[in-house]
Amino acid sequence: MEFSVQTANPAKIETACLVVPVYKDSDLLPAVAKLDDASEQLIGQLVSRGDIDASLANVQLLPYAPGLGAQRLLLVGLGEREKCQEAAYLKALDAAMAALVKLPIDDASVMLTEVPLADRDTAWKARKVLESIERASYRFDQFKRSPAPAQSLVQLNLMISSAGEADAAQRGAHQGSAIGQGINYTRTLGNLPGNICTPRYLAEQAEQLGRESKGALEVEILDEEALAELGAGALLSVGRGSREPSRLIVMRYQGAESADEAPHVLIGKGITFDTGGISLKPGEGMDEMKFDMGGAASVFGTVKALLTIKPKLNLVFIVAAAENMPDGAATKPGDIITTLKGLTVEVLNTDAEGRLVLCDALTYAERFTPASVVDIATLTGAAIVALGHHATGLLSNDDDLALDLLDAGDTAWDRAWHLPLWDEYQEQLDSNFADLANIGGRPAGTITAACFLSRFADRFPWAHLDIAGTAWHSGKQKGATGRPVGLLTQYLLDRENDAQVENGDD
Ligand code: BES
Ligand code: MN
Ligand code: ZN
């Protein structure tokens, strides 16, 4: 989507459709009142006659707009003014953008950055508008014989009443557009079936991002031979039952002023299909285990967004990719494997495979002496039991890092919730035969999974995001959500901001 920021009078702006926010129980916003005056109180009259329902996220098209430069108005309800903060704003925004992309128009102008929010500035609103229009434009119909007709909207203008805010809006819109495209890329990777999106396919995606980056992203792929040479026995144990070879994908981005600045590392779980292995999963809903590479997909989406935003940071992205299948060579319950760190693991359940690929990736991350490491994984069904489908589970060995991630999640409105990682839980992983077991029994499954990972994350500040409940929707809306690209991108942009404040560049 092309975008621009305009400070012109909204009554005069020539556009195929002007998106106008309206409260249910309050006066028109000042910029909207101007519009109203130019059109003989068109909006005000419809509101007072009760012909407009300004309930939250209700949208209404006025197919023609006398006295105005706009050919149409799309009125979007903000609900009650008192209650209209981030959550309501984003709901109204998404409803408006969803309606907009269905109209037979190729440009639109929106007045949504004019809505006052107590804790959010123009840059934030502009970012959210562009992210929302990108998400609304998303299609996944490459496997359908007759795809829905293509969207005609290609240009979105942000109407800003104060010229002083134009730079902030421009910056926000640029970031929002990049984040939205990153989210959509994550959704596509997630939605692709397991017979296409294999570990080798993910490796090719990394190579392609490397080529598109024109040298900004350095890509290294470790194949099974390289992994065996290295001693990544845990990662390799997961793919043993599959015809698809495993891969460790490493992408490096050096944007900081100094090459020596410690990098932030993101690690994604890339199980391109999880049958459970010999500890086979039940059949119902097993197709959804194609989404078990959602962590990896979110890393790719974040890379995509950051290659556009170009932050001044050093970053490393690691994807641990394998397919978990049962066959004669597959790892069996009771097998003991040796991890890259040298710790031995008794595999009591081959369906607890995510932690096995991640633990070797965590050890691999040590070589970068990271400033922080965040892994992202569809790790446990227990995360869905605990938090449902709204919050991502967050566990960490460092409270400052945890707070930074919670904060980023709030800003991006891609929220996480902190769970305890107390020592008391660690003994659930005791094994009679090896250094540790790969499962910790039924109680606190999300926490014991993180406990397992923590044994491999003792050399750096580390956090784990369990996105089992947030990476995709089931049911009629089945499909990848693109979470937590918003959170991750925001987390890294916040780190860039911190670094600039420290260096006094700001
Ligand atoms: N990928 C699954 C977790 C999962 C299950 C995510 C359902 C989303 C929906 C993971 O590999 C897994 O199978 N975990 C097991 C762990 C158990 C064996 C300790 C689980 O959660 O049941
Ligand atoms: Mn599993
Ligand atoms: Zn899994």
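**Figure 1. Helices and strands around the largest pocket.** Five elements, α3 (86–100), α4 (122–136), α5 (166–191), β18 (472–473) and β19 (479–480), each put at least two residues into the lining of the largest pocket. Keep in mind that what you're looking at is a predicted model. The biggest contributor here is α3, which gives five residues to the lining of the largest pocket. By class, that lining breaks down into eleven nonpolar, eleven polar and 13 charged residues.

**Figure 2. Zooming in on the centre of the largest pocket.** The space in the largest pocket comes to about 1,200 Å³. There are 35 residues in its lining, and the ones closest to the centre are Asp94, Arg135, His473, Thr481 and Arg483.

**Figure 3. A closer look at α4, one of the elements lining the largest pocket.** This helix runs for 15 residues and covers 21 Å from its first C-alpha to its last, close to the 21 Å expected at 1.5 Å a residue. Is α4 mostly covered or mostly uncovered? Mostly covered: 14 of its 15 residues are buried.

**Figure 4. The second largest pocket, with about 890 Å³ of space.** Its lining takes in 34 residues, and Lys281, Asp351, Thr380, Gly381 and Ala382 sit closest to the centre. The elements that each supply at least two lining residues are β9 (264–274), α10 (354–365), α11 (381–387) and α13 (445–454). Of the lining, α11 provides the largest share, at four residues. Sorted by class, this second pocket has eleven nonpolar, 13 polar and ten charged lining residues.

**Figure 5. Ligand 1 and the residues around it.** Which residues come nearest to ligand 1? Out of 17 around the ligand, they are Lys281, Asp292, Asp351, Glu353 and Gly381. Lys281 and Gly381 should look familiar from the previous view, as both are among the residues closest to the centre of the second largest pocket. So is Asp351, another of the residues closest to that centre.

**Figure 6. Polar contacts to ligand 1.** On the oxygen side of things, a polar side-chain atom of Lys281 is 2.9 Å from an oxygen atom of the ligand. Turning to nitrogen, Asp292 places a polar side-chain atom 2.8 Å from a nitrogen atom of ligand 1. Leu379 joins in through its backbone: one of its N or O atoms lies 3.4 Å from a nitrogen atom of ligand 1.

**Figure 7. The largest cavity, at about 80 Å³.** How many cavities of 30 Å³ or more does a search of the whole structure find? It turns up three. Lining the largest are Ser237, Val238, Gly277, Ile278, Asn324, Met325, Ala330, Thr331, Val347, Thr350, Glu353 and Leu356. Split by class, that's six nonpolar, five polar and one charged. Glu353 also shows up in the ligand view, as one of the residues nearest to ligand 1.

**Figure 8. The second largest cavity, with a volume of about 50 Å³.** Around this one you'll find Thr186, Gly190, Phe291, Gly294, Ala297, Ala471, Trp472, Ala480, Gly482 and Arg483. At least two lining residues each come from α5 and α9 (294–309). The class split is five nonpolar, four polar and one charged. Arg483 links back to Figure 2, being among the residues closest to the centre of the largest pocket, and α5 also helps line that pocket.

Terms used. Residues are numbered from 1 along each chain as its sequence is written. Chains are lettered from A and ligands numbered from 1 in the order in which they are written. This is a predicted model: local features need pLDDT of at least 70, side-chain atom pairs count only at pLDDT 80 or more; totals for chains, interfaces and linings use all residues. Side-chain values use heavy atoms; hydrogens and water are left out. On a 1 Å grid over the protein atoms alone, a cavity is a set of points where a 1.4 Å probe fits but cannot get out, and a pocket is an open set with protein on both sides within 12 Å along at least five of seven lines; lining residues have an atom within 4 Å of a point. Grid points are joined across faces, edges and corners, and a volume is the space filled by probe spheres set on the points. Ala, Val, Leu, Ile, Met, Phe, Trp, Tyr, Cys and Pro count as nonpolar, Asp, Glu, Lys and Arg as charged, and the others, Gly among them, as polar. The expected span of a helix is 1.5 Å times one less than its number of residues. Buried means under 20% relative accessible area, exposed over 50%, partly exposed in between (1.4 Å probe, protein chains only). A residue is near a molecule or strand if one of its heavy atoms lies within 4 Å of it. A polar contact is a pair of N or O atoms within 3.5 Å; within protein, one must be able to donate a hydrogen and the other to accept it, and residues adjacent in sequence count only if both atoms are side-chain atoms.
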